[in-house]
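Me: I'd like to go through this one with you and check what stands behind each label. Could you show me the structure before we start?

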Amino acid sequence: MANENGKATVAVHKLTSCSGCQSVFLNLGEDLLTLSRLVEIRHFIEAGLNDFEAQVDIAFVEGSITTPEDEKRIREVRERSRFVVAIGACACSGGVQALRNIKDSQHWAGAIYADTAYLDSLADSRPVAQLVKIDLELWGCPISGRQLIATVRALLQGVPPVLPTEKVCQECKRAGNVCVLVSQAAPCLGPVTRAGCGALCPSFGAPCYTCFGASEQPNCEALGERLVGLGIPRRQVAERFVSISSGLETYQQAWERWRIPAKEL
Ligand code: SF4
Ligand code: SF4
């Protein structure tokens with residue numbers, strides 16, 4: 001699969017997604033030159049390279065399995081690739097689209113579209129790993145360019161990349177931020193979210209939205225209690241857990257836990 005010069009080959013594939021994670025490749029700046037020296041990119045439609053059938057060493061896959069076409073394509077990608085790396089919250093957890101899994105998606109489609117006859121989508125939005133074996137997950141919404149380059153380098157060296165599992169709070173503290181949960185009673189989910197973004201939102205005074213998925217030992221129960229204790233309505237606390245990474249079981253359990261009004265418990 002390496003090319004005639006011995007360079008590793010790469011493909012970047014898109015399933016159901018917003019293309020934000022693919023854009024991280026294009027926005028790498030100087031690192032894009034580094035990437036082009038390290039590998040040969042054979043398929044990456046957003047960059048003008050169209051060879052879906054190319055056999056490659058590393059396939060990066062963005063997006064969730066949401067349509068019958070996604071199911072077919074991901075199986076073909078798996079067959080043609082040595083390593084498959086799921087990139088972004090969509091590919092790793094089903095993404096924002098997995099909100100449909102909580103309710104009957106046909107009902108929602110009927111409420112949005114005048115005619116649903118031409119929609120060709122599955123009942124659920126699923127992460128790539130539910131359909132094919134994957135070798136690695138790169139979380140984020142979108143992914144981190146720094147992690148992307150580090151991952152390519154590690155795979156080329158034949159070692160697993162070192163990716164964080166600690167909480168966003170730890171990055172946030174190292175950045176010297178004032179905690180928005182403590183100082184503004186903002187519903188920050190940093191205590192249950194994996195680090196990797198550099199605590200981007202809290203650094204600008206905004207709460208964390210779970211872009212990088214669940215951290216090690218996420219205690220959603222205790223965090224939910226804290227948010228309710230700050231006066232945030234239970235329903236808002238519940239909905240907070242199911243946004244970007246809504247397909248993750250730990251966040252769905254938190255949604256189930258807090259969505260019921262206290263008086264009905
Ligand atoms: S993970 Fe976020 S940025 Fe990436 S494709 Fe999905 S919605 Fe877009
Ligand atoms: S602002 Fe959020 S991420 Fe930062 S320390 Fe507070 S709870 Fe943690």
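Me: Which residues are around ligand 1?

Reply: Happy to help! This is a predicted model, where local features need pLDDT of at least 70, side-chain atom pairs count only at pLDDT 80 or more, and totals for chains, interfaces and linings use all residues. Residues are numbered from 1 along each chain as its sequence is written, chains are lettered from A and ligands numbered from 1 in the order in which they are written, and side-chain values use heavy atoms, with hydrogens and water left out. Around ligand 1 you find Ser-17, Cys-18, Ser-19, Gly-20, Cys-21, Glu-62, Gly-88, Ala-89, Cys-90, Gly-140, Cys-141 and Pro-142; a residue is near a molecule if one of its heavy atoms lies within 4 Å of it.

Me: Which helix gives the most to the shell around ligand 1?

Reply: That is H4, with three residues. Helix H1 (20-26) and helix H4 (88-93) each supply at least two residues of this shell. Helices here are DSSP runs (H or I, at least four residues), numbered from the N terminus.

Me: How does the shell around ligand 2 divide by class?

Reply: Into nine nonpolar, one polar and one charged. Ala, Val, Leu, Ile, Met, Phe, Trp, Tyr, Cys and Pro count as nonpolar, Asp, Glu, Lys and Arg as charged, and the others, Gly among them, as polar. For comparison, the shell around ligand 1 has six nonpolar, five polar and one charged residues. H7 gives the most to the shell around ligand 2, with four residues.

Me: Why is H2 called roughly parallel to H6?

Reply: The axes of H2 (residues 30-38) and H6 (residues 145-157) cross at roughly 20° and come within 11 Å. Angles under 35 degrees count as roughly parallel, so H2 is roughly parallel to H6. The axes are lines fitted to C-alpha atoms over the stretch in contact, and angles run from 0 to 180 degrees between N-to-C directions.

Me: Which residues of H2 and H6 make that contact?

Reply: Asp-31, Thr-34, Leu-35 and Leu-38 of H2 and Ile-149, Val-152, Arg-153 and Leu-156 of H6, where contact means heavy atoms within 4.5 Å.

Me: And what makes H10 and H11 oblique to each other?

Reply: H10 (residues 220-229) and H11 (residues 234-241) pack at about 140°, with their axes 9 Å apart. Angles over 145 count as roughly antiparallel, 65 to 115 as roughly perpendicular and the rest, beyond the parallel class, as oblique. H10 and H11 are therefore oblique to each other.
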